[in-house]
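Student: I should like to examine a structure and to ask, for each term used, what justifies it. May we begin?

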Amino acid sequence: MWEVSVNKYLYYYLLSPTFMRFANASDKSKGVAYPAIGEKDFFNGLIALPPLAEQKRIVAKIEELLPLCERLK
């Protein structure tokens, strides 16, 4: 269960505006049609990693609210 929680937390973090701003910074992103962050820059980035209980709470809240967001589209 631990791995699933951490994996989901990291998945949602990598989709977050915070990470997107980091990844799309002009000096980090490469390419025109499909910008991508280089491996070196990716691994030099910081990831907020709260305690496991908080990660689980964050994932649970995201998964509770995500269907509501989809319905609003």
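Student: What makes E63 partly exposed?

Tutor: This is a predicted model, and in it E63 has a relative accessible area of 32%. Partly exposed covers values between 20% and 50%, so E63 belongs in that class.

Student: Which residue does the side chain of E63 meet, and why is the contact called a salt bridge?

Tutor: The side chain of E63 meets that of K8, at 3.1 Å from N to O. The limit for a salt bridge is 4 Å, between a side-chain nitrogen of Lys or Arg and a carboxyl oxygen of Asp or Glu. The pair of K8 and E63 therefore qualifies.

Student: Where in the chain do these two residues lie?

Tutor: K8 is in helix 1 and E63 in helix 4, which spans residues 52-72. The two are 55 residues apart, and the pair links distant parts of the chain.

Student: How do you know whether K8 is buried or exposed?

Tutor: K8 is neither: its relative accessibility is 34%. Buried requires under 20% and exposed over 50%, so K8 counts as partly exposed.

Student: How many salt bridges does the structure hold?

Tutor: The structure holds three. Besides the pair of K8 and E63, one joins E54 and R57 at 2.8 Å, N to O. Another joins E64 and K61, with the closest N and O atoms 3.6 Å apart. Because the cut-off is 4 Å, the pair of E64 and K61 is also accepted.

Student: What separates E54 from R57, and E64 from K61, along helix 4?

Tutor: E54 and R57 are three residues apart in helix 4, so about one helical turn separates them. E64 and K61 are likewise three residues apart in helix 4, about one helical turn.

Student: Why are E54 and R57 called partly exposed?

Tutor: E54 has 29% relative accessibility, and R57 has a relative accessible area of 47%. Both values lie between 20% and 50%, so both residues are partly exposed. E64, at 47%, and K61, at 38%, are also partly exposed.

Student: Which residues form the largest nonpolar core, and what makes it a core?

Tutor: Its six residues are Y9, Y12, Y13, F19, A23 and V59. They count as a core because they are buried residues of the nonpolar kinds, joined through side-chain atoms within 4.5 Å. Helix 1 (2-14) and helix 2 (17-23) are the elements that give two or more residues to this core. Helix 1 gives the most, with three.

Student: Which residues does F19 touch beyond its neighbours in sequence?

Tutor: Leaving aside residues up to four places away, F19 touches Y13, L14 and F42.

Student: What makes the nonpolar patch on the surface?

Tutor: The patch is made by Y11, L15 and M20, and has an area of about 300 Å². Of these, Y11 is found in helix 1.

Student: How many helices and strands are there, and in what order?

Tutor: The chain has four helices and two strands. From the N terminus on, the order is α-α-β-β-α-α.

Student: Where is the confidence lowest, and where highest?

Tutor: Confidence is lowest in strand 1 (residues 29-30), with a mean pLDDT of 60, and highest in helix 4, at 92. Where pLDDT is low, the predicted coordinates should not be read in detail. The chain as a whole averages 82, and 79% of the residues score at least 70.

Technical notes
Residues numbered from 1 in each chain as written. Predicted model: local features only at pLDDT ≥ 70, side-chain atom pairs only at ≥ 80, totals over all residues. Heavy atoms only, no water. Buried < 20%, exposed > 50% of the residue type's maximum accessible area, 1.4 Å probe, protein only. Contact = heavy atoms within 4.5 Å. Patch = residues over 30% accessible without salt bridge, like charges linked within 9 Å, V, L, I, M, F, W, Y side chains within 5 Å. Areas by Shrake-Rupley, 256 points an atom, 1.4 Å probe, with all protein chains shown as cover. pLDDT = per-residue confidence, 0-100.
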